[in-house]
Amino acid sequence: MKKKDGLRFGIVLVAVSLLYLALLGKLFYWQSVEAQTLRLQARAQSLETIDIPAIRGEIMTSDSFPLATNTISYTLYSNPKIIKDKSYYADKLGGALSDDPASISALLNKDLYWVKLADNLSGDQKKTIEKLNLKGVGFEQQYSRLYPEASMAAHLIGFLGKDAEGEPHGYFGIEGKYNDQLSGRPGALHAIRDALGNQILNDIREDEKIDGRDVKLTVDRSVQYLIDEKLKAGLEKYGAEEGSVIVMDSKTGAILGMSSYPGFDPAKYWEYDPSTYTNPALSSLYEPGSTFKVLIMAAAIDKHLVTPETRCDICAGPVQIGEYKIKTWNDEYIPDLTMRDTIIHSDNTGMVFVSRKLGLDNMIDYLHKFGLGEPTGIDLQGEATGIVREKNQWYPIDIATTSFGQGISVTPIQLITAVNSIANDGKLMQPYMVSQIITDTGQTIDIKPKVKAQAVSPATAKTVTSMMVDAVEEGEAKFAKIKNYRIAGKTGTAQIPVAGHYDPTQTNASFVGFFPADNPKVTMLVIVNKPKSSIYGAETAAPLFFDIARELIKYYNLPSN
């Protein structure tokens, strides 16, 4: 028996030793190999992180009126672990929230330390619930985007939506372009809780939030309101469904107002077709028609290839180029037409004469000097580039049609920027929307005007300005001009290409100009897409231009020259 007892004792000893070694091994594994993983699991079970959202910066007009701001709302939450009488809480909160107590009860019966009970509560609702003195419930402050002027300047502002991860993110306009500046950096509150879910007060850590920066625009609120209203009325009057108006400070390139229709309400952007989000003034390519003539004429004058009194020796009738025949808009012709009269009467054959004097190399050179074929650099999201073909892709007919604004695509912002160089002694300015950025500490960052290039000489700019004044005074739109006031301008009527050919019944009608002509303050472009009352810019876009100009002259108290 003793021998068997000894054997049994030895087996037990070995088993206990193996078990002890296994426990030691397991402890070593937990404390060494899995230590970091266990620490993270323990932290996840005991650490509560509460996000502290940054306040998104405001977008303001030049007089500090908010076009995009924030409203405060509240999230109601609870810790179900410390609520004993859940039915009582459900009844009280259901009454305060005008909600079904049963749905609140279901939330309170969840085996969680934190449950959201309601969202987007007003300040009054918060006060009502606080008066109930319910332990275990609390509030988190949150911010919602507010657009006080609704659809006014919607294309400029853009909207605040959600990104792929469900986080707030700006899209289009200023909201998109300046999203990083506006959004700031959120903070967080890290609190340790014990096994019962109670917060350990002396173990709280906070990551400080940085609120977003405010953005002040160059936009004049009165100007923006004016062009919004005038554009809508003009489109209705001329039977057009779409159009744009851009108003620019002639000296600096600052945008004083920019309106396109149809628009959308940034507070309810999801109710609109996404095609309305893009800003046609920046993203729509179109053939500018006769407004483009002043740029080609300026190039030829700048190269000393023509003067205002140079006469055209091919203008007695249509000009044949290969299989194509270039005609005037009214099929009337003036032999020995001067360059000044070419602009006044918007004569296509006269511009073909200019294009032949200029030549392809000079034409391409000046198109780039005027900033065409590349973005203007305006600080809005969604700008298109425009198209200037490579040299080997031009044919004689292309050189001819480009001279009068057909067969070349630009954006409205490119065209007004280019024409504005004539208003500004030949200096090509970079258009811009933001004049100032204001940090969360109140520091201001001023945005200065930027000269991109000297497109033409000051002398050339003066000469072309004089020709544009004559176009207003003596051209086809003279019936709409402002009496005793010198405005430099040019009409445009461009047929719209459809299925590989031009439809003579559908046009983009436009008028571009600046005033006062001899010391410009305002440069403006008006585009009316597919007007039904008349296909001509002189009878649609021009009257709308002068209607707006009258109001701007009064508003800015601009002297007559």
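In the predicted model, ring pairs join Phe-159, Tyr-171, Phe-172, Phe-264, Tyr-269, Trp-270, Tyr-272 and Tyr-277 into a cluster. In total, the structure contains 18 aromatic pairs. One of these is formed by Tyr-88 and Tyr-89, whose rings meet edge-to-face, with 6.3 Å from centre to centre and 70° between the planes. The two tyrosines were assigned to separate burial classes: Tyr-88 is partly exposed, because its relative accessibility is 40%, whereas Tyr-89, with a relative accessibility of 12%, is buried. A further ring pair is that of Phe-511 and Phe-545, in which the centres are 4.6 Å apart and the planes stand at 50°, so the arrangement is classed as tilted. Phe-511 belongs to strand E20 (residues 501-515) and Phe-545 to helix H17 (residues 541-556); the pair therefore ties together parts separated by 34 residues in sequence. Phe-511 and Phe-545 are both buried.

Aromatic rings also take part in arrangements with charged side chains. The charged end of Arg-221 is placed over the ring of Phe-65, at 3.8 Å from the ring centre. Lys-126, in turn, lies over the face of Tyr-74, and here the distance to the ring centre is 5.2 Å.

The protein as a whole comprises 17 helices and 21 strands. Of its 561 residues, 48% are buried. Among contacts with a separation of 6 or more, 72% are made by residues that are 24 or more positions apart.

Burial within a single element is illustrated by helix H4, which spans residues 101-108. Its buried residues are Ile-104, Ser-105 and Leu-108. Viewed down the axis of H4, these residues fall within an arc of 105°, and they therefore line one face of the helix. The elements that cover the buried residues of H4 include helix H3 (86-97) as well as two strands, E3 (66-78) and E4 (115-121).

A buried position in a strand is provided by Ser-259, which is located in strand E12 (residues 255-261). Ser-259 is classed as buried because its relative accessible area is 4%, where the class requires a value under 20%. The side chain of Ser-259 makes a polar contact with the side chain of Asp-228, at a distance of 2.4 Å. When neighbours within four places in sequence are set aside, the residues in contact with Ser-259 are Gln-224, Ile-227, Asp-228, Leu-231, Gly-243, Ser-244 and Val-245. Asp-228 thus appears both in this list of contacts and as the partner in the polar contact of Ser-259.

Covalent cross-linking was also examined. A disulfide is a covalent bond between the sulfur atoms of two cysteines. The structure holds 1 disulfide, which joins Cys-312 to Cys-315 with an S to S distance of 2.0 Å. The torsion about the S-S bond of Cys-312 and Cys-315 is about 90°, and the disulfide is therefore right-handed. Both partners, Cys-312 and Cys-315, are buried.

Methods:
Residues numbered from 1 in each chain as written. Predicted model: local features only at pLDDT ≥ 70, side-chain atom pairs only at ≥ 80, totals over all residues. Heavy atoms only, no water. Helix = DSSP H or I, 4+ residues; strand = E, 2+ residues; numbered from the N terminus. Buried < 20%, exposed > 50% of the residue type's maximum accessible area, 1.4 Å probe, protein only. Polar contact = N/O pair within 3.5 Å; in protein donor to acceptor, adjacent residues only side chain to side chain. Contact = heavy atoms within 4.5 Å. Disulfide = S-S within 2.5 Å. Phe/Tyr/Trp six-rings, centres within 6.5 Å; stacked < 30°, edge-to-face > 60°. Lys NZ or Arg CZ within 6 Å of the ring centre and 35° of its normal. Arc of directions from axis to C-beta.
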